[in-house]
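Me: I would like to go through this model step by step, with each answer ending on the value or name I ask for. Could we begin once the structure is on the screen?

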Amino acid sequence: MLLGALLLTILLTSLLHLLIASRRSALELVEERTAELRHQALHDSLTGLPNRLLVDQRVYQFLGRAGSEGRSIAVFFIDLDDFKRVNDTLGHGTGDELLRAVAARLSATVRDFDTVGRLGGHEFVVLSEGPFSEEGLNLVAERLLTVLREPFRLGHTTMSHLSISASIGIASGLRDYPEELLRDADTAMYRAKAMGKNCHVIFAQEMHEVVKRQMALERDLADVFANREFFIVYQPIVDLETGLPRDVEALLRWRHPGRGVVGPVELIPVLETSDLMIDVGRSVLMEACRQVKAWHDLGYRVGISVNVAARQLRHDVLIDHVRETLGAASLDASYLTLEVTESMLMIDSVTTAQCLTALSDLGVHIAIDDFGTGYSSISYLREFPADILKIDQSFVAHLDTSDGTSFLDALIQLGKSLGLLTIAEGIEQMSQLKHLKQEGCDWAQGYLFAKPLPAEKLEQIFNGCLPTEGMIPSADPCLSS
Ligand code: C2E
Ligand code: MG
Ligand code: MG
(Lines give C-alpha, C1' and ligand atoms only; values in the text may rest on other atoms or scores of the structure.)
(Ligands and ions follow the chains in the order given, each with its own letter.)
Protein backbone atom coordinates (compact mmCIF):
# COMPACT_ATOMS: atom_id res chain seq x y z
CA MET A 1 0.00 0.00 0.00
CA LEU A 2 2.80 2.32 1.07
CA LEU A 3 4.77 1.57 -2.10
CA GLY A 4 1.66 2.10 -4.20
CA ALA A 5 0.97 5.45 -2.52
CA LEU A 6 4.62 6.50 -3.06
CA LEU A 7 4.50 5.57 -6.75
CA LEU A 8 1.24 7.44 -7.18
CA THR A 9 2.71 10.54 -5.51
CA ILE A 10 5.79 10.42 -7.80
CA LEU A 11 3.56 9.96 -10.81
CA LEU A 12 1.30 12.86 -9.82
CA THR A 13 4.27 15.13 -9.06
CA SER A 14 5.88 14.36 -12.46
CA LEU A 15 2.56 14.96 -14.16
CA LEU A 16 2.24 18.31 -12.38
CA HIS A 17 5.80 19.29 -13.40
CA LEU A 18 5.05 18.29 -16.96
CA LEU A 19 1.88 20.35 -16.95
CA ILE A 20 3.66 23.39 -15.50
CA ALA A 21 6.53 23.08 -18.02
CA SER A 22 4.24 22.74 -21.03
CA ARG A 23 2.10 25.66 -19.78
CA ARG A 24 5.25 27.79 -19.50
CA SER A 25 6.43 26.90 -22.98
CA ALA A 26 2.90 27.49 -24.36
CA LEU A 27 2.91 30.90 -22.67
CA GLU A 28 6.38 31.65 -24.07
CA LEU A 29 5.18 30.66 -27.54
CA VAL A 30 2.10 32.86 -27.22
CA GLU A 31 4.28 35.75 -26.03
CA GLU A 32 6.69 35.24 -28.92
CA ARG A 33 3.86 35.08 -31.45
CA THR A 34 2.18 38.12 -29.89
CA ALA A 35 5.43 40.11 -30.10
CA GLU A 36 5.83 38.97 -33.71
CA LEU A 37 2.27 39.98 -34.55
CA ARG A 38 2.69 43.30 -32.73
CA HIS A 39 5.86 43.93 -34.75
CA GLN A 40 4.07 43.02 -37.96
CA ALA A 41 1.15 45.28 -37.07
CA LEU A 42 3.45 48.22 -36.42
CA HIS A 43 6.10 47.76 -39.13
CA ASP A 44 6.15 47.81 -42.88
CA SER A 45 6.82 44.32 -44.23
CA LEU A 46 8.90 45.50 -47.22
CA THR A 47 11.37 47.81 -45.49
CA GLY A 48 11.00 46.84 -41.81
CA LEU A 49 10.45 50.52 -40.96
CA PRO A 50 7.72 51.72 -38.57
CA ASN A 51 4.40 51.95 -40.45
CA ARG A 52 1.74 54.66 -40.26
CA LEU A 53 0.28 53.26 -37.01
CA LEU A 54 3.61 53.30 -35.19
CA VAL A 55 4.53 56.68 -36.70
CA ASP A 56 1.26 58.07 -35.30
CA GLN A 57 2.08 56.57 -31.88
CA ARG A 58 5.60 58.02 -31.94
CA VAL A 59 4.32 61.50 -32.90
CA TYR A 60 1.84 61.20 -30.03
CA GLN A 61 4.64 60.28 -27.58
CA PHE A 62 6.93 63.02 -28.96
CA LEU A 63 4.14 65.58 -28.61
CA GLY A 64 3.43 64.53 -25.02
CA ARG A 65 7.13 64.81 -24.07
CA ALA A 66 7.67 67.99 -26.06
CA GLY A 67 4.72 69.72 -24.34
CA SER A 68 5.97 68.96 -20.82
CA GLU A 69 9.69 69.51 -21.51
CA GLY A 70 9.40 72.64 -23.68
CA ARG A 71 10.82 70.85 -26.71
CA SER A 72 9.41 70.65 -30.23
CA ILE A 73 9.07 68.05 -32.95
CA ALA A 74 9.65 68.22 -36.69
CA VAL A 75 8.01 65.97 -39.28
CA PHE A 76 9.70 65.60 -42.67
CA PHE A 77 7.20 64.12 -45.13
CA ILE A 78 9.19 62.62 -48.01
CA ASP A 79 7.60 61.58 -51.31
CA LEU A 80 9.72 60.06 -54.08
CA ASP A 81 9.18 61.90 -57.37
CA ASP A 82 7.85 59.97 -60.38
CA PHE A 83 8.20 56.62 -58.63
CA LYS A 84 5.45 55.13 -60.78
CA ARG A 85 7.80 55.40 -63.74
CA VAL A 86 10.35 53.14 -62.01
CA ASN A 87 7.67 50.48 -61.45
CA ASP A 88 6.28 50.87 -64.97
CA THR A 89 9.58 50.76 -66.80
CA LEU A 90 11.80 48.57 -64.61
CA GLY A 91 9.18 46.36 -62.94
CA HIS A 92 7.87 45.99 -59.40
CA GLY A 93 10.88 43.92 -58.26
CA THR A 94 13.19 46.87 -58.93
CA GLY A 95 10.65 49.24 -57.41
CA ASP A 96 10.64 47.22 -54.18
CA GLU A 97 14.41 47.03 -54.15
CA LEU A 98 14.61 50.79 -54.58
CA LEU A 99 12.17 51.36 -51.68
CA ARG A 100 14.34 49.14 -49.43
CA ALA A 101 17.46 51.04 -50.49
CA VAL A 102 15.76 54.39 -49.81
CA ALA A 103 14.72 53.14 -46.35
CA ALA A 104 18.30 52.09 -45.59
CA ARG A 105 19.71 55.41 -46.81
CA LEU A 106 17.28 57.50 -44.80
CA SER A 107 17.91 55.43 -41.65
CA ALA A 108 21.67 55.85 -42.07
CA THR A 109 21.32 59.62 -42.49
CA VAL A 110 19.26 60.55 -39.42
CA ARG A 111 20.29 60.52 -35.74
CA ASP A 112 19.81 57.32 -33.68
CA PHE A 113 16.95 58.82 -31.71
CA ASP A 114 15.05 60.04 -34.80
CA THR A 115 12.36 57.85 -36.36
CA VAL A 116 12.23 56.90 -40.03
CA GLY A 117 8.90 55.43 -41.15
CA ARG A 118 7.16 54.38 -44.34
CA LEU A 119 3.61 55.62 -44.62
CA GLY A 120 2.83 53.52 -47.69
CA GLY A 121 3.65 53.51 -51.42
CA HIS A 122 6.54 55.88 -52.00
CA GLU A 123 5.88 58.02 -48.92
CA PHE A 124 8.39 58.10 -46.09
CA VAL A 125 8.60 60.19 -42.97
CA VAL A 126 11.35 61.32 -40.60
CA LEU A 127 10.41 62.40 -37.07
CA SER A 128 12.94 64.43 -35.18
CA GLU A 129 12.91 66.07 -31.76
CA GLY A 130 14.05 69.72 -31.64
CA PRO A 131 14.21 72.65 -30.88
CA PHE A 132 14.71 73.62 -34.54
CA SER A 133 15.36 76.94 -36.19
CA GLU A 134 14.09 77.43 -39.76
CA GLU A 135 17.69 77.19 -40.89
CA GLY A 136 18.07 73.87 -39.04
CA LEU A 137 14.97 72.45 -40.73
CA ASN A 138 16.27 73.54 -44.13
CA LEU A 139 19.63 71.92 -43.45
CA VAL A 140 18.11 68.56 -42.46
CA ALA A 141 15.80 68.58 -45.51
CA GLU A 142 18.69 69.43 -47.84
CA ARG A 143 20.75 66.59 -46.34
CA LEU A 144 17.90 64.14 -46.93
CA LEU A 145 17.43 65.35 -50.51
CA THR A 146 21.16 65.12 -51.19
CA VAL A 147 21.47 61.51 -50.04
CA LEU A 148 18.45 60.52 -52.12
CA ARG A 149 19.85 62.23 -55.23
CA GLU A 150 22.97 60.03 -55.09
CA PRO A 151 22.45 57.34 -57.80
CA PHE A 152 21.31 53.91 -56.54
CA ARG A 153 23.03 50.72 -57.67
CA LEU A 154 20.38 48.01 -57.76
CA GLY A 155 21.02 44.34 -58.46
CA HIS A 156 17.85 43.70 -60.47
CA THR A 157 18.20 46.47 -62.99
CA THR A 158 20.20 46.43 -66.18
CA MET A 159 20.95 50.10 -65.57
CA SER A 160 24.10 50.51 -63.52
CA HIS A 161 22.74 53.60 -61.79
CA LEU A 162 19.22 54.70 -61.01
CA SER A 163 18.74 58.37 -60.20
CA ILE A 164 15.70 59.62 -58.36
CA SER A 165 14.62 62.75 -56.53
CA ALA A 166 12.14 63.50 -53.76
CA SER A 167 9.86 66.28 -52.56
CA ILE A 168 9.80 67.07 -48.85
CA GLY A 169 7.18 68.90 -46.79
CA ILE A 170 8.11 69.96 -43.26
CA ALA A 171 5.86 70.75 -40.29
CA SER A 172 7.24 71.53 -36.86
CA GLY A 173 6.09 72.74 -33.45
CA LEU A 174 3.21 71.52 -31.32
CA ARG A 175 -0.29 70.37 -32.29
CA ASP A 176 -3.22 68.90 -30.34
CA TYR A 177 -3.27 65.70 -32.39
CA PRO A 178 -0.52 63.80 -34.23
CA GLU A 179 -2.61 63.70 -37.43
CA GLU A 180 -2.50 67.49 -37.63
CA LEU A 181 1.28 67.56 -37.75
CA LEU A 182 1.39 64.85 -40.43
CA ARG A 183 -1.38 66.55 -42.42
CA ASP A 184 0.49 69.89 -42.37
CA ALA A 185 3.73 68.23 -43.50
CA ASP A 186 1.75 66.49 -46.28
CA THR A 187 0.27 69.84 -47.39
CA ALA A 188 3.76 71.37 -47.55
CA MET A 189 4.95 68.34 -49.54
CA TYR A 190 2.21 68.98 -52.14
CA ARG A 191 3.42 72.56 -52.40
CA ALA A 192 6.96 71.23 -53.04
CA LYS A 193 5.56 69.03 -55.84
CA ALA A 194 3.72 71.99 -57.34
CA MET A 195 6.96 73.98 -57.27
CA GLY A 196 8.51 71.48 -59.66
CA LYS A 197 9.51 68.63 -57.27
CA ASN A 198 13.03 67.82 -56.09
CA CYS A 199 12.83 70.47 -53.34
CA HIS A 200 11.54 71.06 -49.80
CA VAL A 201 8.94 73.42 -48.38
CA ILE A 202 8.21 74.39 -44.76
CA PHE A 203 4.51 74.44 -43.86
CA ALA A 204 2.78 77.81 -43.41
CA GLN A 205 -0.80 78.25 -42.22
CA GLU A 206 -1.99 79.99 -45.41
CA MET A 207 -1.22 76.82 -47.37
CA HIS A 208 -4.44 75.34 -46.01
CA GLU A 209 -6.42 78.15 -47.62
CA VAL A 210 -4.73 77.46 -50.95
CA VAL A 211 -5.43 73.72 -50.63
CA LYS A 212 -9.10 74.39 -49.71
CA ARG A 213 -9.50 76.66 -52.73
CA GLN A 214 -7.80 74.11 -54.98
CA MET A 215 -10.06 71.33 -53.69
CA ALA A 216 -13.12 73.48 -54.39
CA LEU A 217 -11.84 74.19 -57.90
CA GLU A 218 -11.16 70.48 -58.42
CA ARG A 219 -14.79 69.74 -57.51
CA ASP A 220 -16.08 72.44 -59.85
CA LEU A 221 -13.93 71.14 -62.70
CA ALA A 222 -16.14 68.06 -63.00
CA ASP A 223 -18.67 69.76 -65.33
CA VAL A 224 -16.34 72.16 -67.02
CA PHE A 225 -16.24 70.41 -70.39
CA ALA A 226 -19.96 69.78 -70.57
CA ASN A 227 -20.65 73.43 -69.76
CA ARG A 228 -18.00 74.74 -72.18
CA GLU A 229 -16.49 76.95 -69.50
CA PHE A 230 -12.92 77.03 -70.88
CA PHE A 231 -11.93 79.61 -73.46
CA ILE A 232 -8.73 80.86 -75.04
CA VAL A 233 -7.36 84.38 -75.33
CA TYR A 234 -4.59 85.25 -77.73
CA GLN A 235 -1.60 87.57 -77.32
CA PRO A 236 0.45 88.71 -80.33
CA ILE A 237 4.23 88.26 -80.50
CA VAL A 238 5.82 91.03 -82.50
CA ASP A 239 8.85 91.08 -84.81
CA LEU A 240 11.02 93.91 -83.45
CA GLU A 241 12.53 94.67 -86.82
CA THR A 242 9.26 95.20 -88.70
CA GLY A 243 6.88 95.91 -85.80
CA LEU A 244 4.43 93.32 -87.17
CA PRO A 245 2.85 90.39 -85.30
CA ARG A 246 4.48 87.12 -86.37
CA ASP A 247 3.04 84.71 -83.85
CA VAL A 248 0.22 84.52 -81.32
CA GLU A 249 0.31 82.80 -77.94
CA ALA A 250 -2.81 80.88 -76.89
CA LEU A 251 -3.56 81.39 -73.17
CA LEU A 252 -6.18 79.40 -71.28
CA ARG A 253 -9.00 80.93 -69.21
CA TRP A 254 -11.86 79.38 -67.22
CA ARG A 255 -15.18 81.19 -66.93
CA HIS A 256 -16.10 79.91 -63.47
CA PRO A 257 -19.87 80.10 -62.83
CA GLY A 258 -19.42 81.60 -59.35
CA ARG A 259 -16.01 83.24 -59.35
CA GLY A 260 -15.69 84.87 -62.71
CA VAL A 261 -12.63 84.28 -64.87
CA VAL A 262 -9.97 82.03 -63.29
CA GLY A 263 -6.50 82.37 -64.83
CA PRO A 264 -4.00 79.63 -65.63
CA VAL A 265 -1.70 80.42 -62.71
CA GLU A 266 -4.38 79.06 -60.39
CA LEU A 267 -5.96 76.62 -62.81
CA ILE A 268 -2.99 74.72 -64.25
CA PRO A 269 -1.67 73.36 -60.88
CA VAL A 270 -5.17 71.96 -60.15
CA LEU A 271 -5.44 70.40 -63.60
CA GLU A 272 -1.91 69.00 -63.25
CA THR A 273 -3.07 66.77 -60.38
CA SER A 274 -5.13 64.62 -62.76
CA ASP A 275 -5.28 63.41 -66.35
CA LEU A 276 -7.86 66.14 -66.99
CA MET A 277 -4.75 68.19 -67.90
CA ILE A 278 -4.22 65.90 -70.90
CA ASP A 279 -7.79 66.48 -72.16
CA VAL A 280 -7.69 70.22 -71.54
CA GLY A 281 -4.23 70.52 -73.14
CA ARG A 282 -5.52 68.64 -76.18
CA SER A 283 -8.59 70.86 -76.57
CA VAL A 284 -6.47 74.04 -76.26
CA LEU A 285 -4.16 72.68 -78.96
CA MET A 286 -7.07 71.78 -81.24
CA GLU A 287 -8.90 75.08 -80.80
CA ALA A 288 -5.70 77.17 -81.20
CA CYS A 289 -4.71 75.32 -84.39
CA ARG A 290 -8.24 75.62 -85.78
CA GLN A 291 -8.21 79.37 -85.03
CA VAL A 292 -4.83 80.03 -86.64
CA LYS A 293 -5.89 78.10 -89.74
CA ALA A 294 -9.02 80.30 -89.92
CA TRP A 295 -6.74 83.38 -89.73
CA HIS A 296 -4.58 81.96 -92.52
CA ASP A 297 -7.70 81.56 -94.64
CA LEU A 298 -8.41 85.26 -94.04
CA GLY A 299 -4.87 86.10 -95.12
CA TYR A 300 -3.22 86.62 -91.71
CA ARG A 301 -0.24 84.28 -91.86
CA VAL A 302 0.81 84.18 -88.21
CA GLY A 303 2.15 81.25 -86.21
CA ILE A 304 0.55 79.89 -83.06
CA SER A 305 2.27 79.11 -79.75
CA VAL A 306 0.67 76.68 -77.32
CA ASN A 307 1.88 76.01 -73.77
CA VAL A 308 2.46 72.38 -72.83
CA ALA A 309 2.00 71.19 -69.24
CA ALA A 310 4.43 68.89 -67.44
CA ARG A 311 1.84 66.10 -67.32
CA GLN A 312 1.32 66.29 -71.09
CA LEU A 313 5.08 65.96 -71.68
CA ARG A 314 5.23 62.79 -69.62
CA HIS A 315 2.41 61.23 -71.66
CA ASP A 316 3.22 59.47 -74.93
CA VAL A 317 -0.14 60.52 -76.42
CA LEU A 318 1.05 64.13 -76.78
CA ILE A 319 2.90 63.26 -79.99
CA ASP A 320 -0.23 61.60 -81.44
CA HIS A 321 -2.39 64.54 -80.32
CA VAL A 322 -0.10 67.02 -82.08
CA ARG A 323 0.03 64.94 -85.26
CA GLU A 324 -3.77 64.46 -85.30
CA THR A 325 -4.44 68.13 -84.55
CA LEU A 326 -2.21 69.37 -87.36
CA GLY A 327 -3.94 66.93 -89.72
CA ALA A 328 -7.45 67.91 -88.59
CA ALA A 329 -6.72 71.63 -88.95
CA SER A 330 -4.74 71.15 -92.20
CA LEU A 331 -2.05 73.29 -90.64
CA ASP A 332 1.57 73.10 -91.68
CA ALA A 333 3.66 72.00 -88.65
CA SER A 334 6.04 74.93 -89.09
CA TYR A 335 3.27 77.32 -87.93
CA LEU A 336 3.00 75.61 -84.54
CA THR A 337 5.30 76.32 -81.58
CA LEU A 338 5.05 74.27 -78.39
CA GLU A 339 6.22 76.10 -75.27
CA VAL A 340 7.73 74.17 -72.37
CA THR A 341 9.03 75.93 -69.29
CA GLU A 342 12.68 75.70 -68.40
CA SER A 343 11.90 74.00 -65.08
CA MET A 344 10.06 71.21 -66.90
CA LEU A 345 13.29 70.27 -68.69
CA MET A 346 14.87 69.48 -65.35
CA ILE A 347 12.26 66.89 -64.38
CA ASP A 348 12.89 63.54 -65.96
CA SER A 349 15.22 64.99 -68.59
CA VAL A 350 15.71 61.80 -70.62
CA THR A 351 11.99 61.22 -71.29
CA THR A 352 11.48 64.94 -71.90
CA ALA A 353 14.32 65.05 -74.44
CA GLN A 354 12.89 62.01 -76.27
CA CYS A 355 9.41 63.51 -76.37
CA LEU A 356 10.65 66.92 -77.58
CA THR A 357 12.82 65.30 -80.26
CA ALA A 358 9.80 63.35 -81.57
CA LEU A 359 7.76 66.57 -81.63
CA SER A 360 10.56 68.45 -83.36
CA ASP A 361 10.75 65.67 -85.96
CA LEU A 362 7.10 66.42 -86.80
CA GLY A 363 8.30 69.88 -87.86
CA VAL A 364 6.87 71.96 -84.98
CA HIS A 365 9.05 74.52 -83.20
CA ILE A 366 10.03 74.11 -79.55
CA ALA A 367 10.29 77.18 -77.31
CA ILE A 368 11.81 77.25 -73.83
CA ASP A 369 9.37 79.43 -71.87
CA ASP A 370 10.17 81.61 -68.84
CA PHE A 371 13.86 81.17 -69.61
CA GLY A 372 16.26 82.29 -66.90
CA THR A 373 14.04 81.32 -63.95
CA GLY A 374 14.42 77.54 -63.93
CA TYR A 375 18.01 77.26 -62.68
CA SER A 376 18.85 74.76 -65.41
CA SER A 377 22.45 74.46 -66.44
CA ILE A 378 23.26 75.96 -69.83
CA SER A 379 24.47 72.59 -71.09
CA TYR A 380 20.83 71.40 -70.83
CA LEU A 381 19.97 73.58 -73.79
CA ARG A 382 22.14 71.50 -76.08
CA GLU A 383 20.36 68.30 -75.05
CA PHE A 384 16.92 69.53 -76.14
CA PRO A 385 15.89 70.37 -79.70
CA ALA A 386 14.97 73.97 -78.83
CA ASP A 387 14.41 76.62 -81.53
CA ILE A 388 13.29 79.57 -79.42
CA LEU A 389 14.24 81.13 -76.07
CA LYS A 390 11.44 83.10 -74.41
CA ILE A 391 13.19 85.30 -71.86
CA ASP A 392 11.14 85.56 -68.69
CA GLN A 393 9.32 88.82 -68.02
CA SER A 394 11.10 89.35 -64.68
CA PHE A 395 14.30 90.24 -66.59
CA VAL A 396 12.48 92.87 -68.63
CA ALA A 397 10.80 94.25 -65.48
CA HIS A 398 14.24 94.77 -63.88
CA LEU A 399 15.69 96.61 -66.84
CA ASP A 400 15.94 99.82 -64.81
CA THR A 401 18.67 98.32 -62.59
CA SER A 402 22.19 97.79 -63.90
CA ASP A 403 22.19 94.11 -62.81
CA GLY A 404 18.86 93.63 -64.57
CA THR A 405 20.20 95.12 -67.79
CA SER A 406 23.27 92.91 -67.85
CA PHE A 407 21.23 89.74 -67.14
CA LEU A 408 18.79 90.49 -69.95
CA ASP A 409 21.57 91.35 -72.40
CA ALA A 410 23.48 88.19 -71.48
CA LEU A 411 20.38 86.02 -72.08
CA ILE A 412 19.79 87.62 -75.51
CA GLN A 413 23.45 86.99 -76.42
CA LEU A 414 23.20 83.40 -75.15
CA GLY A 415 20.19 82.74 -77.38
CA LYS A 416 21.96 84.29 -80.34
CA SER A 417 25.17 82.34 -79.87
CA LEU A 418 23.17 79.10 -79.73
CA GLY A 419 21.42 80.09 -82.97
CA LEU A 420 18.01 80.36 -81.27
CA LEU A 421 15.28 82.93 -81.93
CA THR A 422 14.99 85.20 -78.87
CA ILE A 423 11.64 86.46 -77.63
CA ALA A 424 11.35 88.81 -74.63
CA GLU A 425 8.19 88.52 -72.52
CA GLY A 426 6.33 91.17 -70.53
CA ILE A 427 7.17 94.38 -72.46
CA GLU A 428 5.12 97.17 -70.91
CA GLN A 429 7.11 100.34 -71.64
CA MET A 430 8.56 102.04 -74.70
CA SER A 431 11.97 102.31 -72.98
CA GLN A 432 12.06 98.50 -72.63
CA LEU A 433 11.18 98.08 -76.29
CA LYS A 434 13.96 100.47 -77.31
CA HIS A 435 16.54 98.61 -75.24
CA LEU A 436 15.51 95.21 -76.63
CA LYS A 437 15.77 96.50 -80.20
CA GLN A 438 19.22 97.90 -79.44
CA GLU A 439 20.39 94.55 -78.08
CA GLY A 440 19.14 92.71 -81.15
CA CYS A 441 16.35 90.73 -79.47
CA ASP A 442 14.32 89.18 -82.31
CA TRP A 443 10.68 89.27 -81.17
CA ALA A 444 8.74 90.50 -78.12
CA GLN A 445 5.40 90.07 -76.35
CA GLY A 446 3.71 92.23 -73.74
CA TYR A 447 0.94 94.62 -72.75
CA LEU A 448 2.68 97.41 -74.71
CA PHE A 449 1.62 95.62 -77.90
CA ALA A 450 -1.59 94.02 -76.66
CA LYS A 451 -3.02 92.18 -73.66
CA PRO A 452 -4.27 88.63 -74.25
CA LEU A 453 -7.50 89.16 -76.25
CA PRO A 454 -10.38 87.20 -77.77
CA ALA A 455 -9.79 86.05 -81.36
CA GLU A 456 -12.08 88.72 -82.94
CA LYS A 457 -10.21 91.55 -81.23
CA LEU A 458 -6.94 90.21 -82.53
CA GLU A 459 -8.27 90.34 -86.07
CA GLN A 460 -8.83 94.08 -85.58
CA ILE A 461 -5.17 94.38 -84.57
CA PHE A 462 -4.09 92.43 -87.65
CA ASN A 463 -6.14 94.82 -89.76
CA GLY A 464 -4.54 97.80 -88.11
CA CYS A 465 -8.01 98.89 -86.92
CA LEU A 466 -7.05 98.55 -83.26
CA PRO A 467 -3.83 100.56 -82.97
CA THR A 468 -1.37 99.54 -80.29
CA GLU A 469 1.49 101.56 -78.88
CA GLY A 470 4.43 99.33 -79.71
CA MET A 471 3.22 97.69 -82.89
CA ILE A 472 3.27 99.12 -86.40
CA PRO A 473 -0.25 98.66 -87.80
CA SER A 474 -0.24 96.48 -90.87
CA ALA A 475 -1.44 97.94 -94.14
CA ASP A 476 -1.06 94.57 -95.78
CA PRO A 477 -3.16 91.87 -94.10
CA CYS A 478 -0.64 89.23 -95.17
CA LEU A 479 1.55 89.62 -92.12
CA SER A 480 4.31 87.15 -92.77
CA SER A 481 5.11 84.64 -95.38
P1 C2E B 1 3.48 82.25 -70.16
O2 C2E B 1 3.39 81.15 -71.16
O3 C2E B 1 4.82 82.78 -69.86
O4 C2E B 1 2.51 83.38 -70.69
C5 C2E B 1 2.74 84.72 -70.51
C6 C2E B 1 2.00 85.26 -69.34
O7 C2E B 1 2.40 86.60 -69.10
C8 C2E B 1 0.50 85.32 -69.55
O9 C2E B 1 -0.12 85.16 -68.28
C10 C2E B 1 0.30 86.74 -70.04
O11 C2E B 1 -1.01 87.22 -69.81
C12 C2E B 1 1.30 87.46 -69.17
N13 C2E B 1 1.76 88.69 -69.81
C14 C2E B 1 1.91 88.95 -71.11
N15 C2E B 1 2.38 90.19 -71.31
C16 C2E B 1 2.55 90.74 -70.09
C17 C2E B 1 3.01 92.01 -69.63
O18 C2E B 1 3.37 92.91 -70.38
N19 C2E B 1 3.06 92.20 -68.28
C20 C2E B 1 2.66 91.25 -67.41
N21 C2E B 1 2.75 91.51 -66.11
N22 C2E B 1 2.22 90.04 -67.81
C23 C2E B 1 2.16 89.80 -69.14
P24 C2E B 1 -1.31 84.17 -68.08
O25 C2E B 1 -2.24 84.19 -69.24
O26 C2E B 1 -1.86 84.43 -66.72
O27 C2E B 1 -0.59 82.77 -68.11
C28 C2E B 1 0.30 82.40 -67.11
C29 C2E B 1 1.00 81.12 -67.45
O30 C2E B 1 0.07 80.03 -67.44
C31 C2E B 1 1.60 81.10 -68.83
O32 C2E B 1 2.82 81.78 -68.78
C33 C2E B 1 1.72 79.62 -69.09
O34 C2E B 1 2.89 79.11 -68.50
C35 C2E B 1 0.53 79.07 -68.35
N36 C2E B 1 -0.54 78.77 -69.33
C37 C2E B 1 -1.40 79.60 -69.95
N38 C2E B 1 -2.22 78.92 -70.77
C39 C2E B 1 -1.83 77.62 -70.70
C40 C2E B 1 -2.29 76.40 -71.33
O41 C2E B 1 -3.18 76.36 -72.18
N42 C2E B 1 -1.63 75.25 -70.97
C43 C2E B 1 -0.62 75.26 -70.08
N44 C2E B 1 -0.03 74.10 -69.78
N45 C2E B 1 -0.17 76.36 -69.47
C46 C2E B 1 -0.78 77.53 -69.78
MG1 MG C 1 4.11 80.59 -72.67
MG1 MG D 1 6.59 82.85 -70.14
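Reply: Before the first question, one cut-off is needed: contact means heavy atoms within 4.5 Å. Please also keep in mind that this is a predicted model.

Me: Which residues does S305 touch, not counting residues up to four places away in sequence?
Reply: S305 has its place in strand β9, and with a relative accessible area of 3% it is buried. Its side chain is joined to that of D247 by a polar contact of 2.7 Å. Leaving out residues up to four places away in sequence, the residues that S305 touches are I237, D247, V248, E249, A250, T337 and E339.

Me: Which residue is the bridge partner of T337 in β11?
Reply: Strands β9 and β10 pair in the parallel sense over four bridges, and in β10 the bridge partner of S305 is T337. Strand β10, residues 336-341, pairs in turn with strand β11, residues 365-371, in the parallel sense over five bridges. Within β11, the bridge partner of T337 is H365.

Me: How many of the six residues of strand β10 are buried?
Reply: Buried means under 20% relative accessible area, and by that criterion strand β10 is mostly covered. One residue of the chain to look at here is L338, which, leaving aside its neighbours within four places in sequence, is in contact with residues including L285, V306, L359 and I366. The number of buried residues in strand β10 is five.

Me: Which helix gives the largest share of the largest nonpolar core?
Reply: The largest nonpolar core has 82 residues, and those with the most contacts inside it are W295, I304, L336, L338 and L359. Its largest share amounts to eight residues, and the element that supplies them, spanning residues 276-298, is helix α9. A second, separate core of 30 residues includes A74, V126, L148 and F152, but for the largest core the answer remains helix α9.

Me: How many residues apart in sequence are the parts that E249 and N307 tie together?
Reply: The magnesium ion (ligand 2) is coordinated by E249, N307, E339 and D369, at 1.9 to 2.3 Å. E249 counts as buried at 4% relative accessibility, whereas N307, with a relative accessible area of 30%, is partly exposed. Because E249 lies in strand β7 (residues 245-256) and N307 in strand β9 (residues 303-307), the pair ties together parts whose separation in sequence is 58 residues.

Me: How far apart do the magnesium ion (ligand 2) and the magnesium ion (ligand 3) lie?
Reply: In sequence, the donor residues of the magnesium ion (ligand 2) follow the spacing E-x57-N-x31-E-x29-D. D369 bridges this ion and the magnesium ion (ligand 3), and the separation of the two ions is 4.2 Å.

Me: What is the distance from a nitrogen atom of ligand 1 to an N or O atom in the side chain of E428?
Reply: Of the 23 residues around ligand 1, those that come nearest are E249, N307, D369, E428 and Y447. A polar side-chain atom of Q393 lies 3.0 Å from an oxygen atom of ligand 1, and a polar side-chain atom of E425 likewise lies 3.0 Å from an oxygen atom of ligand 1. For E428 the pair involves a nitrogen atom of ligand 1, and the distance is 2.5 Å.

Me: What distance separates the C-alpha atoms of P131 and D361?
Reply: P131 has its place in the loop between β3 (123-129) and α5 (134-149), and at 71% relative accessibility it counts as exposed. Along the chain P131 and D361 are 230 residues apart, and their C-alpha atoms are separated by 56 Å.

How values were computed:
Residues numbered from 1 in each chain as written. Chains lettered and ligands numbered in written order. Predicted model: local features only at pLDDT ≥ 70, side-chain atom pairs only at ≥ 80, totals over all residues. Heavy atoms only, no water. Donors = N, O, S within 2.8 Å, 3.2 Å for Na, K, Ca; no water. Helix = DSSP H or I, 4+ residues; strand = E, 2+ residues; numbered from the N terminus. Buried < 20%, exposed > 50% of the residue type's maximum accessible area, 1.4 Å probe, protein only. Pairing = 2+ DSSP bridges. Core = buried A, V, L, I, M, F, W, Y, C linked by side-chain atoms within 4.5 Å. Near = heavy atom within 4 Å. Polar contact = N/O pair within 3.5 Å; in protein donor to acceptor, adjacent residues only side chain to side chain.
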